[in-house]
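Biologist: Could you take me closely through one part of this model, the packing of its helices around the main nonpolar core, and tell me which residues build it?

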Amino acid sequence: QLLVNNYYYLSYINIAGPIITVGVFVATLSAALTKLIGTSKVLHAIADDRLFGNILHPLTLTLGKAKEPFMAVLLSWLIAQLLLFMHRFNTIAPFTATMTLLSYASVNLSCFILSMTSAPNFRPTFKVNPKVASAIGFLSCLTMMFLIDAIYSAVAIALLLIIIIYLLIRGPAKPWGEVSQAIIYHQVRKFLL
């Protein structure tokens, strides 16, 4: 409760108080830039793959030799600015944490399903058992999501399921495989052997 009301509490009791302030500033700036660039790259990839048709096509504009997604960065920045103008950072923080954990949970769930189905195109290079590590990661992310805010978590999962169902029904055919194809492959192989 103390940190909710006074963000600088640690700087008052620390020997080098200004270092705490600098550390908070640097960590916040690093997290903000990571979210801004990471979000814009994902948004650019979704627009480039035309997963939602031509609605997001203007976001495919890039600049420079590195092809940085200028329009996607601009849109992500505008959304961030609109959220910042709300002046309710403690309201926004659980939402962003929930969305981040949901994206990690989705990656872990995909990794778990692909490792369980022994998909031939899934060959992780890390030494840890991918089934156990991804299952623990998925359950940990879901647990943390609901501990942070159960309502945001339930709404986020519902929105994710709606997007997945929409993409399964209306999404364009792409040359890469889907997790559902790996499950079918696993079932066919199991019944043939």
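Modeller: Contact here means heavy atoms within 4.5 Å. This is a predicted model, and with that in mind L102 is a good place to begin: leaving aside its neighbours within four places in sequence, L102 is in contact with M145, A156, I157 and L160. Of these partners, M145 and A156 also belong, together with L102 itself, to the largest nonpolar core, whose 6 residues are completed by L101, A105 and C141. Two helices, α5 (89-116) and α6 (130-148), each supply at least two residues of this core, and α5 gives the most, with 3 residues. As a general background, nonpolar side chains in soluble globular proteins tend to be buried together.

The two helices that feed the core also pack against each other, and a packed pair is described by the angle between the axes and the distance between them. For α5 and α6 the angle is about 155 degrees, and the axes lie 8 Å apart. Because angles over 145 degrees count as roughly antiparallel, α5 is roughly antiparallel to α6. Their crossing is left-handed, and the residues of the contact of α5 with α6 divide into 17 nonpolar, 5 polar and 1 charged.

One residue of α5 can be examined on its own, namely S110, which is found in that helix. With a relative accessibility of 30%, S110 counts as partly exposed, because that class lies between the limits of 20% for buried and 50% for exposed. The C-alpha atom of S110 is separated by 9.8 Å from that of A135, although the two residues are 25 residues apart along the chain.

A second helix pair can be set beside this one. The axes of α3 (residues 17-48) and α4 (residues 70-84) come within 8 Å and cross at roughly 125 degrees, which makes α3 oblique to α4. The crossing of α3 and α4 is right-handed, whereas that of α5 and α6 is left-handed. On the α3 side the contact is made by L36, I37, T39, S40, L43 and H44, and on the α4 side by A72, V73, L75, S76 and W77. Sorted by class, this contact of α3 with α4 has 7 nonpolar, 4 polar and no charged residues, while the contact of α5 with α6 includes 1 charged residue.

Terms used
Residues are numbered from 1 along each chain as its sequence is written. This is a predicted model: local features need pLDDT of at least 70, side-chain atom pairs count only at pLDDT 80 or more; totals for chains, interfaces and linings use all residues. Side-chain values use heavy atoms; hydrogens and water are left out. A nonpolar core is a set of buried Ala, Val, Leu, Ile, Met, Phe, Trp, Tyr and Cys residues joined through side-chain atoms within 4.5 Å. Buried means under 20% relative accessible area, exposed over 50%, partly exposed in between (1.4 Å probe, protein chains only). Helices (H or I, at least four residues) and strands (E, at least two) are DSSP runs, numbered from the N terminus. Axes are lines fitted to C-alpha atoms, for helices over the stretch in contact, and angles run from 0 to 180 degrees between N-to-C directions. Angles under 35 degrees count as roughly parallel, over 145 as roughly antiparallel, 65 to 115 as roughly perpendicular and the rest as oblique. A crossing is left-handed if the near helix is turned anticlockwise from the far one by less than a right angle, and right-handed if clockwise. Ala, Val, Leu, Ile, Met, Phe, Trp, Tyr, Cys and Pro count as nonpolar, Asp, Glu, Lys and Arg as charged, and the others, Gly among them, as polar.
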